[in-house]
Amino acid sequence: MDYIVSWILFVTALITPIVAFEKPVYVMPCSRSDPEINACIKNSFNHLKPYLRDGLPELKVPALEPLNIEQMAMENDAGAVRVKALFSNIIVKGSSNYTVKEVRSDVKKLRIDMRLTVPRVESRGKYEVFGNVLLLPVRSNGEFWAEFSDITAIAKVYGKEVQRNGVSYMDIDKLNIDFTMKGARFKVKDNLNSQNVLGEAINQFLNTNANELVQEMRPAASQSIGKLFKNILNQAFSSIPMNTWLLE
C-alpha cells in the first residue's frame, strides 16, 4: 500500500510542473540558441497583438483597446514649455494596432530593444496644467482630446532573472521609451478660461504649435509612458516562467 501511495506521489510530482507551466496560446516561445532569435522575438510580440487588444485577465494585463488609464502625471522643467500636468480618466484608442518592425536582443543579459510603429492613437480625458509656456504663465483644467499619427517608437527593455519557489521569471528592471510622430492634433475644453474667444485661441495655439509642443514634452511623456508599460509588462512576465517563452 505504501508503495502504491509513493508511486502516485512520484507520478504526480512529475506531471504537476507540466500542467502548471503549460504553454498558453498567446505565447510563441523562442530558443536561446536560435541564430534568428531577433526575428523570433519580433514575431512573438506581433503574435500577442490580438490577445493584448482584449486583455489577459489571468495575467492581470488590461485591455489595450481601449486602454483605460486612471491617472498620468508629466513634468517638463526645461525649454520653452515648463509645465506640470496631471491627466486623469484617460481613454486611449489605437495602441493595440502596433507593429514591431525590428528587434535587437542580448538574451544573456535579458536586453531587448524594439522599434515599433503605430498608425494612429486617439486619447481623451481630463487634465490640469500649470506652469509657463514661452515665459507666459499658464493655468488650466478641463477636458482634452488628442490625436497622434504615424508614430515610431523605440523601446529598450532591461530585464533581470528572479527566482520564486525555485522557478525563474523575468522582472522588468527598466523600460526606456522614445518616440517620434508625423502628426498631432489637440482640442481642449478649458473650465477656467471658458469664454468662447479665449477657448478658441487656446485650441488654435495648440494646433498651430503642435509639433513644437510635442517635442518639448517628449522627454516627460516618454518617461510617463515607459512607467505605465513597465508595470503592464511586469504583470505579464511575473506570471509566466522564463522556460515557457525562452527555451534552452
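Which two residues form a disulfide, and how far apart are their sulfur atoms? Let's work through this and a few more exercises together. The model is predicted: local features need pLDDT of at least 70, side-chain atom pairs count only at pLDDT 80 or more, and totals for chains, interfaces and linings use all residues. Residues are numbered from 1 along each chain as its sequence is written, and side-chain values use heavy atoms, with hydrogens and water left out.

**Exercise 1. Describe the disulfide.**

Step 1. A disulfide is a pair of cysteine sulfur atoms within 2.5 Å. C30 and C40 form one, with their sulfur atoms 2.1 Å apart.

Step 2. C30 sits in strand 1 and C40 in helix 2, ten residues apart. Helices (H or I, at least four residues) and strands (E, at least two) are DSSP runs, numbered from the N terminus.

Step 3. The torsion about the S-S bond of C30 and C40 is about -100 degrees, so this disulfide is left-handed.

Step 4. Buried means under 20% relative accessible area, exposed over 50%, and partly exposed in between (1.4 Å probe, protein chains only). C30 counts as buried because its relative accessibility is 4%; C40, with a relative accessible area of 15%, is buried too.

**Exercise 2. Place R32 in its surroundings.**

Step 1. Find R32 in the loop between strand 1 (30-31) and helix 2 (37-47).

Step 2. Its relative accessible area is 29%, so R32 is partly exposed.

Step 3. List its contacts (heavy atoms within 4.5 Å). Leaving out residues up to four places away in sequence, R32 touches I37, V107, M242, L246, L247 and E248.

Step 4. Look at E248 again: its side chain and that of R32 are joined by a polar contact of 3.3 Å. Such a contact is a pair of N or O atoms within 3.5 Å; within protein, one must be able to donate a hydrogen and the other to accept it, and residues adjacent in sequence count only if both atoms are side-chain atoms.

**Exercise 3. Trace the pairing of strands 5, 6 and 7.**

Step 1. Two strands pair if DSSP finds at least two bridges between them. Strand 5 (residues 111-133) and strand 6 (residues 136-164) are antiparallel, with 22 bridges; here G131 stands opposite V138.

Step 2. Strand 6 also runs antiparallel to strand 7 (residues 167-190), again over 22 bridges, and Y158 stands opposite K174.

Step 3. Check the hairpins. With two residues between strand 5 and strand 6, L134 takes a positive phi near 55 degrees. The hairpin of strand 6 and strand 7 has two residues between the strands, and N165 there takes a positive phi near 55 degrees.
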